[in-house]
Amino acid sequence: MLNSRSLRVRSALIRQCMAEFLGTFVLLLFGLSAAAQVKTSRETKGQTLSIHLSWAMGVMSATYLTKGISGAHLNPAVSLSFCILGKLRWGQLLPYCVSQIFGAYVGAALVYLLYYDAIMEFSGGVLTVYGPNETASIFATYPSEYLPLGKGFLDQVVGTGTLLLCLLSLTEKRNTPAPPDLIAPIVAGIVLGIIMSMSANCGAALNPARDLGPRLLTLTAGWGTEVFTCYNYWFWVPIVAPIIGALTGTSLYLIFIEWQLPDEPQESHPKICSVGASSRPSLCGKKERNQMGSGGVLVPISS
């Protein structure tokens, strides 16, 4: 009989990286598969809402899958924020990020394999970033034609900042923490709300791994260097802006919420006193503690 303990990886960091890899892989599998299905079917087998819901379900599934091992960050911007907050060691940051990017790359590769024939039929065999038959946007995010670079950067800062601002409150016991079993669907709901309201400009990447991993896949799968040079070298925006957004959201949370919450109440144990030998035990108030009765001295029984 197979002994499962013999297959357990001894290094905690390696176990965490395995979880981050698999969680990000699952997240991308859900989201990119929906994007490929909607795009290549010309919206006859789903609409934009299908993509949004699939990303949310991917977040929920990946969170349930990996939270007990790695915390289910699935996002380098989240990992960086947790390092700043002291919830993740700085030595874990790079391994987490590499695992997340690699998981996103492999997830994108599987979607490419699954939808290869549909992509080729839709694009006429020409893999490109521009035009009505472009397919690069199935995998990575690109700005709308009307959007200048600076506004795209702001868009990603605001979206990711909102994500972190909402996430960090979920486990704060001094506020209104979410039930542990419901954190995954609540996070999915937050992500769904953001991508349904802030994705029109440039796709709401919110996650450097979610964008860079699939972009590297398109670089190696036939779209070429155009995926990095197009739209005035757009590629760096969904990598850098979510990090700035995460730092901004974390700072806002600390300044406006965490540092303003009341301190945890100290447990007080009132003293029980007896007035005289024949009195029944009673709680000591301030007045009684400073008073000597005619029938005897206030005697502490327990504290």
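This report walks through a predicted model of a protein, from its overall build to its salt bridges and a nonpolar patch on its surface.

## The overall build

Let's start with the big picture. The protein has 11 helices and 3 strands. Read from the N terminus, the order is α-α-α-α-α-α-α-α-α-α-β-β-α-β, so you can follow the elements one by one along the chain as you turn the structure.

The protein has 303 residues, and 45% of them count as buried. About 16,200 Å² of the protein is exposed, with carbon and sulfur atoms supplying 63% of that area. Now look at who touches whom: among contacts with a separation of 6 or more, 72% are between residues 24 or more positions apart.

## Three salt bridges

Side chains of opposite charge can pair when their charged atoms come close. How many salt bridges does a search of the whole structure find? The search turns up 3.

One of them joins K39 and E134, whose side chains meet with N to O at 2.8 Å. K39 sits in helix α1 (residues 12-40), while E134 sits in the loop between α5 (116-123) and α6 (149-167), so this pair ties together parts that are 95 residues apart in sequence. K39 counts as partly exposed because its relative accessibility is 25%. Another salt bridge links R174 with E172, and here the closest N and O atoms are 3.2 Å apart. R174 has 26% relative accessibility, so it counts as partly exposed, whereas E172 is buried, with a relative accessible area of 13%.

## A pair inside one helix

The salt bridge between D211 and R215 has its closest N and O atoms 2.8 Å apart. Both residues lie in helix α8 (residues 208-223), and they are 4 residues apart, which is about one turn of the helix.

Are D211 and R215 buried or exposed? Buried means under 20% relative accessible area. D211 has 0% relative accessibility, so it counts as buried. R215 has 1%, so it counts as buried too.

## A closer look at E134

Back to E134, found in the loop between α5 and α6. At 10% relative accessibility, E134 counts as buried. What does the side chain of E134 reach at 3.1 Å? That would be the backbone nitrogen of A136. The E134 side chain also makes a polar contact with the side chain of K39, at 2.8 Å.

If you leave out residues up to four places away in sequence, E134 touches K39, F122, T128 and V129. K39 is therefore a name to look for twice when you zoom in on E134: as a touching residue and as its salt-bridge partner.

## A nonpolar patch on the surface

Finally, turn to the outside of the protein. L165, L252, I255, F256 and W259 form a nonpolar patch on the surface. Together, these residues have about 530 Å² of accessible area.

Which helix gives the most to the nonpolar patch? Helix α10 (residues 237-256) does, with 3 residues. F256 is found in helix α10 and is part of the patch. Why does F256 count as exposed? Exposed means over 50% relative accessible area, and F256 counts as exposed because its relative accessibility is 58%.

Definitions and conventions
Residues numbered from 1 in each chain as written. Predicted model: local features only at pLDDT ≥ 70, side-chain atom pairs only at ≥ 80, totals over all residues. Heavy atoms only, no water. Patch = residues over 30% accessible without salt bridge, like charges linked within 9 Å, V, L, I, M, F, W, Y side chains within 5 Å. Areas by Shrake-Rupley, 256 points an atom, 1.4 Å probe, with all protein chains shown as cover. Salt bridge = Lys/Arg side-chain N within 4 Å of Asp/Glu carboxyl O. Helix = DSSP H or I, 4+ residues; strand = E, 2+ residues; numbered from the N terminus. Buried < 20%, exposed > 50% of the residue type's maximum accessible area, 1.4 Å probe, protein only. Polar contact = N/O pair within 3.5 Å; in protein donor to acceptor, adjacent residues only side chain to side chain. Contact = heavy atoms within 4.5 Å.
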